[in-house]
Amino acid sequence: WVLLFDGQTSEGWRGYGRPDFPTGWQIADGTLYCKGSGRGEPSMERAMSTSEVLVIGRSCVDHIAVVDVFPRENTKVALTQRLVEGGGQGGTAAACIARLGGRFCYVGRIGDDDAGRICLNRLAAFSVDTRRVQVLPGGRTPEAYIVVTASTGARTIFYEPSTLPRLAAEDLPTALIASARVLLLDPETTYLAGLLPKQGGP
């Protein structure tokens, strides 16, 4: 069992979509109740003790362009739609799990640049806790350029290999690993599979 409320303090709770405890909530006589607007939910520190999935992987910015027909080389074609979105296999997996209501923790790295800020904003928009996303001073967040062909549904991706330092096993607290039932590594972090301690056996 996981104790969500100790009957006396707001430890482990925060407002929905915000890092602090909302002022509309109060504690009295062992009861947590709302006098105003706002909602509360277990914070990530408490929820991680019952997390299902630990996601470790890439976050990047995707520049997406949609065309009716993919062009031949050395030709020009009009775009029918374009947008900028958060991407990367790790970040996308975390956003999907969040949207499905799963319990998880996401670990990744980005640079302290505009692309990195886009990643953080888009992850937060999907209710992904970003406190385990390391922002590296002077780092360059990778970007990708994706062409989607509307007539076939196919996509063509041009991506930048990440120049950020790779995560090491020492960067991941043992308790964080032990708390998860499933470890999800994207193609850029599969090397960690042989370095992280295995749960449930030697």
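The following legends describe close-up views of a predicted model.

**Figure 1. Confidence along the predicted protein chain.** The mean pLDDT of the protein chain is 85, and 82% of the residues score at least 70. Among the elements of the chain, strand β6 (residues 60-67) has the highest mean pLDDT, 98. The lowest mean, 48, belongs to helix α1 (residues 44-47). Where pLDDT is low, the predicted coordinates should not be read in detail.

**Figure 2. Strand β8 and its enclosure.** Strand β8 spans residues 104-111, and 8 of its 8 residues are buried, so the strand is largely enclosed by the rest of the structure. The side chains are divided between two directions: F104, Y106, G108 and I110 point one way, whereas C105, V107, R109 and G111 point the other way. Both sets of residues are buried, with R109 among them.

**Figure 3. Strand partners of β8 and the crossover to β9.** Strand β5 (residues 53-56) runs parallel to β8 and is joined to it by 4 bridges. Within this pairing, C105 of β8 stands opposite L54. Strand β9 (residues 133-136) also pairs with β8 in the parallel sense, over 4 bridges. Here G108 has V133 of β9 as its bridge partner. Between β8 and β9 the chain passes through helix α3 (residues 114-125), forming a right-handed β-α-β crossover.

**Figure 4. The largest nonpolar core.** This core comprises 16 residues, of which V55, F104, Y106 and V128 touch the most other members. At least two residues each are supplied by β5, α2 (89-99), β8 and α3. Helix α2 provides the largest share, with 5 residues.

**Figure 5. Two loop residues with positive phi.** N74 is found in the loop between β6 and β7 (81-87). Its phi is near 65°, a positive value in a residue other than glycine. The relative accessibility of N74 is 81%, and this residue therefore counts as exposed. S127 is placed in the loop between α3 and β9. The phi of S127 is likewise near 65°, again positive in a residue that is not glycine. With a relative accessibility of 48%, S127 counts as partly exposed.

**Figure 6. An arginine over a tyrosine ring.** R166 lies over the face of Y191, at a distance of 3.7 Å from the ring centre. As for contacts between aromatic rings, a search of the whole structure finds 0 aromatic pairs.

Methods:
Residues are numbered from 1 along each chain as its sequence is written. This is a predicted model: local features need pLDDT of at least 70, side-chain atom pairs count only at pLDDT 80 or more; totals for chains, interfaces and linings use all residues. Side-chain values use heavy atoms; hydrogens and water are left out. Buried means under 20% relative accessible area, exposed over 50%, partly exposed in between (1.4 Å probe, protein chains only). Two strands pair if DSSP finds at least two bridges between them. A crossover is right-handed if, with the strands pointing away from the viewer, the path from the first strand over the helix to the second runs clockwise. Rings of Phe, Tyr and Trp (its six-membered ring) pair if their centres lie within 6.5 Å; planes under 30 degrees apart count as stacked, over 60 as edge-to-face and the rest as tilted. A charge sits over a ring if NZ of Lys or CZ of Arg is within 6 Å of the ring centre and within 35 degrees of the ring normal. pLDDT is the predictor's confidence in each residue, from 0 to 100. A nonpolar core is a set of buried Ala, Val, Leu, Ile, Met, Phe, Trp, Tyr and Cys residues joined through side-chain atoms within 4.5 Å.
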